[in-house]
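Biologist: Before I plan any bench work, could you walk me through this model by way of questions?

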Amino acid sequence: MERKQAEYSNLDERYAIQGEKYQGQQYSHIYFTRLHHMRNLLHALVPSWKPHLPVTTVLGLEEGKDCIIVGTLYKHMKLKPSILDEYSKERSAIPLVKPHNFMHPDDHLILEDESGRVTLAGAIPPAAYVTGVVIALHGKETSAGNFLVEDILEAGIPPQITLPSINEDKYVVFVSGLSIGSEKFNPLQFQLLIDHITGHLGDENEQSIASNIVRVVVAGNSVHISPRFFNGQAVASKDQSRIAEPIKELDIMLTQLVASLPVDMMPGSNDPANFSLPQQPLHRCLFAGAATYNTFSSCSNPHQFELDSVRFIGTSGQNIDDLYKYSDAKDKLEFVERTLRWRHLAPTAPNSLGCYPYTDKDPFLVESCPHVYFVGNQDKYETQLLQGPEKQKVRLICIPRFCDSGVAVMLNLRNLECSTLSFSTSFDA
Amino acid sequence: MSSGGRGGKRRGAPPPGPSGAAAKRAHPGGTPQPPPPAATAAAPVVEEEDMMDEDVFLDETILAEDEEALLLLDRDEALASRLSRWKRPALPADLASGCSRNVAFQQLEIDYVIGESHKVLLPNSSGPAAILRIFGVTREGHSVCCQVHGFEPYFYISCPMGMGPDDISRFHQTLEGRMKDSNRNSNVPRFVKRIELVQKQTIMHYQPQQSQPFLKIVVALPTMVASCRGILERGITIEGLGSKSFLTYESNILFALRFMIDCNIVGGNWIEVPAGKYSDLVSHAAEGEHSKMAPFRILSFDIECAGRKGHFPEPTHDPVIQIANLVTLQGEGQPFVRNVMTLKSCSPIVGVDVMSFDTERDVLLAWRDFIREVDPDIIIGYNICKFDLPYLIERAEVLKIVEFPILGRIRNSRVRVRDTTFSSRQYGMRESKDVAVEGRVQFDLLQAMQRDYKLSSYSLNSVSAHFLGEQKEDVHHSIISDLQNGNSETRRRLAVYCLKDAYLPQRLLDKLMYIYNYVEMARVTGVPISFLLSRGQSIKVLSQLLRKAKQKNLVIPNIKGQASGQDTFEGATVLEARAGFYEKPIATLDFASLYPSIMMAYNLCYCTLVPPEDARKLNLPPESVNKTPSGETFVKPDVQKGILPEILEELLAARKRAKADLKEAKDPFERAVLDGRQLALKISANSVYGFTGATVGQLPCLEISSSVTSYGRQMIEHTKKLVEDKFTTLGGYEHNAEVIYGDTDSVMVQFGVSTVEDAMKLGREAADYISGTFIKPIKLEFEKIYFPYLLISKKRYAGLYWTNPEKFDKMDTKGIETVRRDNCLLVKNLVTECLHKILVDRDVPGAVQYVKNTISDLLMNRVDLSLLVITKGLTKTGEDYAVKAAHVELAERMRKRDAATAPTVGDRVPYVIIKAAKGAKAYERSEDPIYVLDNNIPIDPQYYLENQISKPLLRIFEPILKNASRELLHGSHTRAVSISTPSNSGIMKFAKKQLTCLGCKAVISGSNQTLCSHCKGREAELYCKTVGNVSELEMLFGRLWTQCQECQGSLHQDVLCTSRDCPIFYRRRKAQKDMAEARVQLQRWDF
């Protein structure tokens, strides 16, 4: 059987920091750029939202007068961990914070533009917003100097290029959180996945489905390297080679995959890549075997590409995990949806999410709406077809960690439908 | 125009004025006037010591009024519109028209001026007289100035034997003559107003007879007390009696305090002036309604000056460019006025009234107008007394703005400026001005901090980090001028910074409950609030002593303390500490307020002391005296009750009451008052002992203080003996109890039991048993258990503190360097972490391992530089230091590099010790941490090991480990050493850079390679290590810089802060540098 092909173009260029030279800049630039870009968008939307209201700056507020202001949100959080805590006078015996979420009822929002800051009150729930989001607010200044919000305008889901019509089944497989090298990793499980994708498993029917898989995307955290190798202490020589062991194992398995179809390899928070977003592609020297194939492409995180003109965007999950720490939603998909509506993949960067200090751009702005938006390394599989107000259709996918769930996600390019590939090696399953 | 401030003025026919010390209230000016009563100011604007100006009193008032009108003339409209917001509430109509209801107000400040004596109230006197002014605020927030006429300064001498009424009048004439001679240029008609014969008794020593004759000498003006005292002390010839020198009594009491004592007014209490009367000033005790606080207006302000590069701002050169002000009503959470006055334009700031002016003159005058209108009762700030206020005054002088310093509460009075030099460890010696603003209490938070807390640094930044848990953005003064010279945006940036500096003192004031605590302290001790900051401890005790003595008809002699070192006495006892690490519970038995209790129990006082010569003479029966262990004799209370014991009893009873009330109280303001009160009472009770022992104090009496300590010693020994005798296996207890340590007022006992609960039971039993053997009110209390307990030596210990058997309360340490200012942070972290591991985790091997790792990190150059920074204040320039000091030498060197950013006198100089040639002195090896960072200069780990961390570490570990020194400081972990290569040293200019293999450091010939051929196979592993390193740096970079954004409170602006007190300053800087390097490192892999 012949494997189907899909036309692929990599759009990661915007996430490359190759050209950037660090010259001691700070984070103000990235906020400035973001605000500038988003404000233009929001200003354009205001006439259709509340045409009768004047748009002003934080400084131009007049007490009691209804107006619209646009700015970057800052969420003041009592429990937010601070690096200064390391220096606090007395170490407390009990940790004050539950580690997964830093919300507190006293949290409040502040809106900031270049001219100043104003504390927000009224119809804006602090739990749903995070630092770094740019929005427009309708309201008025109170006598206490706060801004009483009446209505909120988000930039909304960006415009979308038309979804091409594809009239045959073509699948893309997403997998994340392999964690090779950790105790949870089950080599057999992953081998089953590989065999399934490469068509070495199952009957003819299954093989024909497998032959429709046009690409595999590995969305981060493929390996797990013990943190003890990086704590600054010298590594004993016998341990030295063990650092790279999981990577070698990954390379061997990847090589099987790339021999039969294209694979996109994205770095995640545990992978040997840089920490701050955008994470740069994993170095090819790590993949002595797989890198020799031209079907192997090492990509950045976030990762953006087109397959047969279907637009994909995705991350290895850090952006959503961070939102989960600093805000609240009914499920992870809602966070994903919010980032689209805010038109920003990672609003909490750089505040609580590591980020390169860009000077003249904010690469995480989402200018055009993707057709597929995937997020790796989540607790469980969730998906939803989001419909935008302008007929945008986006497939949102939370990819579960493979090492925990044994689940990979398969997406059909023809109709953006999604299904799971579940592998289990235990008998009772 | 003028505010409705000075509201409590009333008019009416004067009642017949009672004479003597009764306070009379009066009001100058006769005819009713419409509000606001602008012409009610009484005294001329003069320095009170200067009596030359009295004649022109009337003229000057008028002149000042014209001037005042002129002042207000050229105010622009914008300013005028602000007045309504600034003003005090308008007076109700009946008060404004001068009338008919009681006026109650809380007084904050009492002073006096010299004025013509009041013709109507005091028809019988003429000439200049002292007029007391009580400044205060009513419940409604109206400002009150109550003037008291007819209170006369006086003092006592003991009447020589055989002096009759005729002799007194002759004595009067002689004294008057001598006074005239020594005050030639004074035009007072009579210096000594009268001399009365009174029956009093001296406080010194027990006297069997109730009273003896004293002469009360009343003089015309307060300043004459001193000169009259001088004449009498030096000796005076009295007809018939010959030449005689006198011991004076109560002749060194400040006039305002004298008045308060005689009229029963305590600092910060409520005073009520009944309607229509002038004679009865009612002073309310701080109870019920009258314990509340009036809505004082508190102004917090800060100024910014555009200093020249490399100089500390000087008023002769550097302009004042911004003044930020916040005005808060006492008891309210938010300020009701926030504004900033700027020189040149400034972009608006949300919630802040920005006032921009074209000239510095306008800025200063706007501030003056603001002060006059907003009329603050209390002015607070950080270092305002020594910097901001004098700077403004001097700057106005330089600019020749004569109308500027009219800031006082008396509308047309000029502030008084006195030259002082002040020296402090932080700020060095500096010429300064002491600015007295009439009627407004100055509360400088810096002074309060230095007085009340022992901190490693008193910069506003570290103080607010300590108390508010926030880092303050710090803009270096060399940047301030640049910001000022930029555009309105950069000036706005500066204004935001300035406002923050004005806001922090207010927040500190609130957080530390300063207003409550100080007002309560003033109430308890009876001195004006301003004394609490500006004067020492002894005035507080003296005030109480005088009040009590007055009730008992006793007078206090003016004995100058001799500052001799001979009269020292044996101090408190400390039982030998049996050093060790105790893993069984240690019970602590404490004497509750030991020294006050001893003074009460044994009736120790000035007036109960029987000197040896009197003892023989009086022949007191042994059952009516106590012989103290130090050999002094005091009579028992049934013979004569001591004043000090009585004061103490009252203080402690009041404290008990306050504590009981505190339990009941619900209202947070009431609670704050009560808590402040019980604290003040406790401090006051404890300071009585110190007062008697202060050899240079007001009334030293070493017999008392040495008796107190000798009793204390005896009691500690007694307790030790009882515990070790009773709690034995012979006595039916499980173990023999052992006293392992005891200091001033506590004894630590190891009962031998292994649970906290059992130890508590035995502790309580012991406390009750031993208390029974003491005279009341001495009481031994069981308070806490230490478990485990690390006793290092006397006054040095650490342990977990338990007050209930379930859970320990905290870790308690004493005398262990964690906050010493000349230690680097590494020491503090190391000590804290070790103690935590030893005491809380009970993991001694873990602590040892931690120390070893840290030392290894230090030697391997892996320690964050900011942990190694040592900071010292530069108090004078290099030449003035006798010995060469590391930070001074460094400041010199930095000045040579760049004078603009080098630290100047008053700055704190941070430094690290670097490696240098062998034999170089420590002071030559100091270096600027930033310079070290930028140039990769190696630090000297040996210095840190030997001079910083070894001593405190050994102290902790010696009781625990054998061979602690060998184990910790010389183990195998000290073998590996790594030193960075400096990038600026001379030799590097000749060195050729060659790429080495990242794996094995072999030189690679090819230009674009990373690894040598041997390491090629380890590519993946080596890359992982590099990238792991880089990602750690990136994480740090992000966390550090976003934290700074958070502190500065803005996302869209660059962080400017250069606060070297901030623990992350150097790390942040380093992160920046590392970030650039990390990128280069990673790029080497791009082949």
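The exchange below goes from the interface to the salt bridges, the backbone and a sheet.

Modeller: This is a predicted model, in which local features need pLDDT of at least 70 and side-chain atom pairs count only at pLDDT 80 or more, while totals for chains, interfaces and linings use all residues. Residues are numbered from 1 along each chain as its sequence is written, chains are lettered from A and ligands numbered from 1 in the order in which they are written, and side-chain values use heavy atoms, with hydrogens and water left out.

Biologist: How much area do chain A and chain B bury between them?

Modeller: The size of an interface is often given as the accessible area lost when the parts come together. Buried area here is the accessible area (1.4 Å probe) that two parts lose on being put together, summed over both. Of this area, 58% lies on carbon and sulfur atoms, and chain A and chain B bury about 5,300 Å².

Biologist: How many salt bridges does the rule find across the interface of chain A and chain B?

Modeller: A salt bridge is a side-chain nitrogen of Lys or Arg within 4 Å of a carboxyl oxygen of Asp or Glu. The search of the whole structure finds 54 of them over all chains. Across the interface of chain A and chain B, the number of salt bridges found is 0.

Biologist: Which element supplies the largest share of the side of chain A that touches chain B?

Modeller: Contact (heavy atoms within 4.5 Å) takes in 58 residues from chain A and 60 residues from chain B. Across this interface the rule finds 9 residue pairs in polar contact, both residues at pLDDT 80 or more, a polar contact being a pair of N or O atoms within 3.5 Å, where within protein one must be able to donate a hydrogen and the other to accept it, and residues adjacent in sequence count only if both atoms are side-chain atoms. Elements of chain A that each supply at least two residues to the side touching chain B include α1 (28-49) and β3 (67-76), with helices (H or I, at least four residues) and strands (E, at least two) being DSSP runs numbered from the N terminus. The largest share, 5 residues, comes from α1(A).

Biologist: Is A:K170, which meets A:D308 in a salt bridge, buried or exposed?

Modeller: The closest approach given for A:K170 and A:D308 is 2.5 Å, N to O, and the pair links distant parts of the chain, 138 residues apart, with A:K170 in the loop between β7 (147-153) and β8 (171-175) of chain A and A:D308 in the loop between β12 (303-307) and β13 (310-315). Buried means under 20% relative accessible area, exposed over 50%, and partly exposed in between (1.4 Å probe, protein chains only). A:D308 has 18% relative accessibility and counts as buried. Because its relative accessible area is 7%, A:K170 is buried.

Biologist: Which residues are linked with B:R409 and B:D377 in a network of salt bridges?

Modeller: The closest N and O atoms of B:R409 and B:D377 are 3.1 Å apart. B:R409 lies in the loop between α8 (384-398) and β18 (416-424) of chain B and B:D377 in the loop between α7 (360-374) and β17 (378-381), so the pair ties together parts that are 32 residues apart in sequence. Relative accessibility is 3% for B:R409 and 0% for B:D377, and both count as buried. The other members of the network are B:R88, B:D375 and B:R440.

Biologist: What is the omega of the peptide bond from B:F787 to B:P788?

Modeller: Most residues other than glycine have a negative phi, and most peptide bonds are trans. B:P788 sits in strand β29 (residues 780-793) of chain B. The bond from B:F787 to B:P788 is cis, with omega near -5°.

Biologist: Which residue in β33(B) stands opposite B:I870?

Modeller: An open sheet of 3 strands in chain B has the order β32-β33-β34, with antiparallel pairing, where two strands pair if DSSP finds at least two bridges between them. β32 (870-873) and β34 (926-927) each have a single partner strand, so one side of each is left without a neighbour in the sheet. β32(B) pairs with β33 (residues 908-913) over 4 bridges. The residue opposite B:I870 is B:Y911.
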